[in-house]
Amino acid sequence: MRTFRTDLRRTLRDSEDLPTLPDILMLVRKTIRKKSSNADKIGDIISQDPSMTSNILKLANSAYYSAGGHPVSSISDAIVRLGLSETLRICTTLSIINSFHNLGGYTDHRKFWLHSITTSAVALAVKKSCRKKVNCDDDQIQVAGLVHDIGVLILDQYFHETAVEIWDDSLRNNIPTFINETEILGMDHGEIGGYTIRRWNMAAPVVQAVMYHHQPTRRDHAYVSCAQVIHVADRICSFKDVGSSRDSIEVEGLTDEILGELGLDIDRILSLREEARAEMSRSDVVLSLSGKV
Ligand SMILES: [Fe+2]
Ligand SMILES: [Fe+2]
């Protein structure tokens with residue numbers, strides 16, 4: 001019997017235009033993890049890609065990062081200014097936007113990527129705020145935040161008519177999209193995104209955090225805490241309700257159970273929400289560099 005699951009499996013296996021990650025990004029990611037890595041080594045790799053090089057230089061010289069300092073003209077100086085982990089974050093973000101920028105037609109890409117880049121930064125802040133252990137590293141939680149909604153773009157591109165019907169119905173009837181998707185397709189965009197990035201050999205905590213970011217209490221996987229962190233970050237970065245009362249947070253789906261399990265309190269969530277607003281402007285700087293949206 002033909003089901004959405006089998007259609008998706010076929011699409012992910014057979015579509016020739018399905019986004020892939022550039023080799024250069026994989027090399028940067030691999031090299032940066034080595035203890036011996038430094039700005040010169042990473043710079044040598046990045047300089048093989050002219051557009052990545054110019055983006056890193058532009059960013060290092062932007063008002064946000066230069067803080068009035070002298071202009072830098074070499075890639076290794078730019079990396080020193082940004083720091084290795086920020087360089088990794090920027091390279092990953094720009095490569096992923098680049099790979100996905102022409103997918104879909106319904107999605108507002110600017111809003112989509114602003115939300116995704118901000119969720120990535122907030123996910124790291126949430127992870128660092130947890131009093132309980134989260135079993136993934138800082139890079140993994142940032143990548144999961146960045147790609148958590150990528151399933152939306154897959155739906156928009158490869159299952160366009162069905163997806164638009166589902167999303168329009170959600171809008172009309174004020175039903176969260178993931179609930180409608182699950183009811184009609186048997187899975188939500190989180191799970192679809194998880195299957196997509198598994199093809200890129202992403203680490204298990206990233207895949208599972210993406211898969212279950214709308215169902216973080218599912219217990220049948222090993223990275224529940226990672227899914228919970230992405231869930232919390234996603235809720236914090238959904239600015240539909242600007243109220244900051246405890247009630248408004250609960251309405252948005254953050255339960256005491258999840259906060260308790262992560263060892264987070266509501267006051268920290270409220271301050272993270274304020275930080276997320278500030279983070280949006282940094283996301284905007286990075287997004288404008290992509291030149292795609
Ligand atoms: Fe989502
Ligand atoms: Fe989201």
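## Close-up views of a predicted model

**View 1. Helices α9 and α15 cross at roughly 50 degrees, and their axes come within 10 Å.** Welcome to the structure, which is a predicted model. Our opening view looks at helix α9, residues 138-147, beside α15. Their angle makes α9 and α15 oblique to each other, because it falls outside the ranges counted as roughly parallel, roughly antiparallel or roughly perpendicular. The crossing of α9 past α15 is right-handed. Which residues make the contact? From α9 come Ile141, Ala144 and Gly145, and from α15 come Cys226, Val229, Ile230 and Ala233. Sorted by class, the residues of this contact are six nonpolar and one polar, with no charged residues.

**View 2. Helix α14 packs against helix α15 at an angle of about 50 degrees.** Here we stay with α15, which covers residues 224-236, and bring in α14, residues 204-211. Their axes lie 8 Å apart. The angle makes α14 oblique to α15, and the crossing of the two is right-handed. On the α14 side, look for Pro205, Gln208 and Ala209. They meet Cys226, Ala227 and Ile230 of α15. Five residues of this contact are nonpolar and one is polar, while none is charged. If Cys226 and Ile230 seem familiar, that is a good sign: Cys226 and Ile230 of α15 also take part in the contact with α9.

**View 3. Helix α2 and α7 pack at an angle of about 160 degrees.** Now turn to another pair of helices. The axes of α2, which spans residues 23-33, and α7 are 10 Å apart. How is α2 oriented relative to α7, roughly parallel or roughly antiparallel? Angles over 145 degrees count as roughly antiparallel, so α2 is roughly antiparallel to α7. The crossing of α2 and α7 is left-handed. From α2, the residues to find are Leu25, Val28, Arg29 and Ile32. Facing them in α7 are Leu84, Leu88, Cys91, Thr92 and Ser95. This contact has six nonpolar residues, two polar and one charged.

**View 4. Domain 1 meets domain 2.** Stepping back a little, the domain assignment of the chain places residues 16-100 in domain 1 and residues 104-293 in domain 2. Taken over C-alpha atoms, the centres of the two domains are 24 Å apart. Each domain puts residues into the contact: 16 from domain 1 and 16 from domain 2. On the domain 1 side, α4 (50-60) and α7 (84-100) are the elements that give two or more residues. Which of the elements gives the most? That is α7, with 10 residues. The side of domain 1 that touches domain 2 holds nine nonpolar residues, five polar and two charged. So α7 has two roles to follow in these views, since α7 gives residues to this side of domain 1 and also packs with α2.

**View 5. Residues 241-251 have pLDDT under 50.** This last view is about how far to trust the picture. Across the chain, pLDDT averages 89, and 95% of the residues score at least 70. In the stretch 241-251, the model has 10 contacts beyond four places in sequence. Where pLDDT is low, the predicted coordinates should not be read in detail.

Notes. Residues are numbered from 1 along each chain as its sequence is written. Chains are lettered from A and ligands numbered from 1 in the order in which they are written. This is a predicted model: local features need pLDDT of at least 70, side-chain atom pairs count only at pLDDT 80 or more; totals for chains, interfaces and linings use all residues. Domain bounds come from an automatic or database domain assignment. Two residues are in contact if their C-beta atoms, placed from the backbone, lie within 7 Å. Helices (H or I, at least four residues) and strands (E, at least two) are DSSP runs, numbered from the N terminus. Ala, Val, Leu, Ile, Met, Phe, Trp, Tyr, Cys and Pro count as nonpolar, Asp, Glu, Lys and Arg as charged, and the others, Gly among them, as polar. pLDDT is the predictor's confidence in each residue, from 0 to 100. Axes are lines fitted to C-alpha atoms, for helices over the stretch in contact, and angles run from 0 to 180 degrees between N-to-C directions. Angles under 35 degrees count as roughly parallel, over 145 as roughly antiparallel, 65 to 115 as roughly perpendicular and the rest as oblique. A crossing is left-handed if the near helix is turned anticlockwise from the far one by less than a right angle, and right-handed if clockwise.
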